[in-house]
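Open the model in your viewer and keep the sequence panel beside it. The stops below are meant to be selected one after another.

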Amino acid sequence: MSEKVYLLILKVGIYTGLLSVFLVFKNLLFPFITSKQISFNILVEILFVLWVAFIVKFPSYRPKWSYISFALLAFVFALTISSIFGIDFNLSFWGDVERMLGVFHVLHFVIFYLIIITVLRDWNDWKIFFIASVSVAAVVSIMGLGQGVEAYSSIGNTAYVSAYLIFNIYFSFILFFKEKNTGLRWLYLLPLPLLLLEFKNADTTGAYVGLGLSIIVLFFLYGVLVKNKKIKFATLALFLFLAITSTLLLINKNSDFVTKNSLLQPISGIDFKKDTFQTRLISWRAAWKDFRTHPVFGTGFGNYAVIFDKYFDASFYNYTRSETYFDRAHNNVIDIASTSGIIGMVTYLSIFVAALYYLIVGYRKDYFDIHEFVLIVSLLVAYFVQNLAVFDSLVTYVGLMMILAFIYYLYEKGEAGIGERIEAKTGQVARRIIGKEELQNKEIYTLLFVGAISFIIMWQYNIQPFKMLAKTIEGQRAWASGNAQATIDIYKEALSYNTVLDRDSRTSLIRLFADPGAFNSFVPEQRLAVADFLIELAQINVDYNKSDSLNQMMLAQILDAASKVAGDDKQKAMNYSDRAMIAINDSIKASPGRAPVYYQKAQIELTRGEQDNAIATLLEAYKLNEIYFDSSCHLGKILLFAGKKDEGYTYIDKCIDLNGSQLLMPLGQIKSFVAHYTELGDKKRVIKLYEYLHAAEPNDTSIMIELAKQYANAGMTTEAIDMAKKVAEKNPSVQNYVNEFIDKLK
């Protein structure tokens, strides 16, 4: 192929890569992630074949040696080494379906960068690239704004949306300042209102901090570097104003002036006492504790979940009852340092050191004008700071590769000493050097050899996983329709593809059968065969990493279920149960501070008839965090079941007081607790139980009537009247009785 054809295909290819942000295939597991990443991988693998053939045939286009390129490749190499020496190579290198951020995927982003720096050699190409990116971001913003409070648009996560928009906000300004046509340049700012509105709609605290700090840095740099004294004075004054004002607003973030002003409200969310920040602190402390034991290579890239589990602090439950499993540190630097060690952290930071080196040296040599220098530095600050509260994704990796490639382009253009007019002739010069455009032997061999390797990778590690993920969703649909046998058959077909990403598919099936009642969908003769199949799947997941607490617990759950399915076969039932005990003990060993694992162990012990052991296990869980109501509720119920009434109600009292009534299900049991506390004259706890009953059965007017009476007996007149009115709304025929009730209260 000719140089022009290669360049056209490769340019169109990298522009097309930006469209992956729109892909959400609902027939895939984790569609917001897998749809984009698999499609992006396939595109890059196709482009890679053509890129290698192109630089073989046209050597003048080969990327020049660069600290940025070296740092990126060193980073991938460091991650690979950490994967080899880590605890779970499969997760480190291939990633999982939920994130798709293994070394394999990072390598694709680096290849994307190499293709960009190879083919985008003049400003017109870069202008098209930036315009395409900003235009896509504008559409993403419109989609997000149309969702209202669900601002994740086609990206699926508001934190990712915010980071993605930061890149494109700065790309808009780069286009604005580099456009020489004064009338045209203002068009590049037209998408900004959309981007900023969606940025606010996404409402991500870390992104607010990152963008806000970058703006302060921007005015500081302009103030220091600009030559015009009046502009210097004005920008430095604005920098001081923003810095001082931001500080004062942060100090007074809870004042009415801040909280009632829609533009300033994000500042009130920047709170170090915030629950989400406290849980991150717990996470970061865990990372530091583990870093000291694996300082060089870490636990293996992407294996943060094991670190978090190992040092899980039960005080975590004081801040949230959900999202208790962290597979990322929610701080990119800490995550990389803890999972890939010093080598990973140093090589990661070297990327930014290299970028700043070229920016500073290039600015001094006039390779970068003041606008390019200030905007790029500010963008890197925004990206880096917001990543201190989150982690990378496809959209941020693509944005990072773009800006790093742009730095490379500007610096190399300056080193070559060519201007815009000479840039346009680059292709002509290259053609004169090569002299021939027909297919050459090296080119043919490269296309065949690299193409074959790329196709194998594409088929085995992208297309096959795509088919597996689609079958997984098909299996879940079969389960939702009530066809258990079809579910098993379809999952078997999904797993027959034997891909490196089967782990999440297996997990999704195992979870369907965690409740032994799920096996009732099969005839008795089939149940154990199904149980053995699921146990085999759970064991495969455990074999990846024996210290994975969650997978060990899931193995224990399915083994415990199998022990119940075994029925009259006592020997087989005990065998399953013994294996379940081993697995659950391994789960607790991997995460000794995680209370729910103890609940599962107690359940297994109850199945085995070891009631006293179950009580002791739940007491261990209770001692981890005495204000975590789950432990009180479980412990109270088992003590009552064991006939230890006084001790049991001590914990039931705590369960209700800590608002854990929902764990006292079923409803019949809660009603028995109502009778108990009514007999004791404990109005407060009776009301709490009735409030939960009302929440569980909102249309049951008999519960509403009783709750209204309880409010009245407790002197809670306003609440009693409100509840009585709701009764009348549900059943207008009792309006007279309601009026009489309200009159008596008044």
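The tour goes from the whole chain to its cores, then to the disulfide, and then to single residues.

**Whole chain**

Begin with everything displayed as a cartoon, bearing in mind that this is a predicted model. The chain contains 35 helices and zero strands. Along the principal axes, its C-alpha atoms fill a box of roughly 95 × 65 × 55 Å. Colour by burial next: 53% of the 746 residues count as buried. Among contacts with a separation of 6 or more, 69% are between residues 24 or more positions apart.

Now switch to a surface. The accessible surface is about 33100 Å², and carbon and sulfur atoms hold 61% of that. Colouring by charge picks out 71 positive and 68 negative side chains, with the centres of the two sets 8 Å apart.

**The nonpolar cores**

Select Tyr-113, Trp-126, Ile-376, Ile-403 and Phe-406. Within the largest nonpolar core, which has 135 residues, these five touch the most other members. Add helix 18, residues 394–416; this helix gives the most to the core, with 16 residues.

Centre on Ile-403 and show its surroundings. Which residues does Ile-403 touch, not counting residues up to four places away in sequence? They are Phe-167, Phe-171, Ile-174, Ile-376, Leu-379 and Leu-380.

Then move to a second, separate core of 65 residues. To find it, select Tyr-491, Val-530, Ala-538 and Tyr-599, which are among its members.

**The disulfide**

Select Cys-633 and Cys-655 and show them as sticks. The structure holds one disulfide, and it joins these two residues with an S to S distance of 1.9 Å. The torsion about the S-S bond of Cys-633 and Cys-655 is about 90°, so the disulfide is right-handed. Cys-633 belongs to helix 29 (residues 629–641) and Cys-655 to helix 30 (residues 645–657), so the bond ties together parts that are 22 residues apart in sequence. Are the two cysteines buried or exposed? Both Cys-633 and Cys-655 are buried.

**Residues in loops and helices**

Go to Phe-391, in the loop between helix 17 (370–386) and helix 18. Its relative accessible area is 5%, so Phe-391 counts as buried. Display its surroundings: beyond its neighbours within four places in sequence, Phe-391 is in contact with Arg-99, Leu-101, Tyr-160, Arg-328, His-330 and Asn-332. Phe-391 and His-330 are 61 residues apart in sequence, yet their C-alpha atoms are 5.7 Å apart.

Select Ser-454 in helix 21 (residues 441–480). Ser-454 is buried too, at 5% relative accessibility. Setting aside residues up to four places away in sequence, Ser-454 touches Glu-45, Ile-46 and Val-49.

Next comes Gln-278, placed in helix 14 (residues 275–291). Why does Gln-278 count as buried? Its relative accessible area is 18%, and buried means under 20%. Apart from neighbours within four places in sequence, Gln-278 is in contact with Phe-272, Lys-273 and Tyr-319.

Move towards the start of the chain and select Asn-27, in the loop between helix 1 (3–17) and helix 2 (31–57). Asn-27 is partly exposed, with a relative accessible area of 31%. Which residues should be shown with Asn-27? Not counting residues up to four places away in sequence, Asn-27 touches Leu-469, Ala-470, Ile-473 and Arg-477. Measure also from Asn-27 to Thr-472: the two are 445 residues apart along the chain, and their C-alpha atoms are separated by 8.6 Å.

**Backbone details**

The last stops concern backbone geometry. Most residues other than glycine have a negative phi, and most peptide bonds are trans.

Show the backbone of Met-665 and Pro-666. The peptide bond from Met-665 to Pro-666 is cis, with omega near 5°. Pro-666 sits in the loop between helix 30 and helix 31 (667–680).

Select Asp-203, in the loop between helix 9 (192–202) and helix 10 (205–225). Phi of Asp-203 is positive, near 55°.

Finish at Asn-498, in the loop between helix 22 (484–495) and helix 23 (502–512). Asn-498 is not a glycine, but its phi is positive, about 55°. With 59% relative accessibility, Asn-498 counts as exposed.

Note on methods: Residues are numbered from 1 along each chain as its sequence is written. This is a predicted model: local features need pLDDT of at least 70, side-chain atom pairs count only at pLDDT 80 or more; totals for chains, interfaces and linings use all residues. Side-chain values use heavy atoms; hydrogens and water are left out. A disulfide is a pair of cysteine sulfur atoms within 2.5 Å. Helices (H or I, at least four residues) and strands (E, at least two) are DSSP runs, numbered from the N terminus. Buried means under 20% relative accessible area, exposed over 50%, partly exposed in between (1.4 Å probe, protein chains only). A nonpolar core is a set of buried Ala, Val, Leu, Ile, Met, Phe, Trp, Tyr and Cys residues joined through side-chain atoms within 4.5 Å. Contact means heavy atoms within 4.5 Å. Accessible areas come from the Shrake-Rupley method with a 1.4 Å probe; for residues, only the protein chains shown count as cover. Lys and Arg count as positive and Asp and Glu as negative; His and the chain ends are not counted. The place of a charge is taken as NZ of Lys, CZ of Arg, CG of Asp or CD of Glu.
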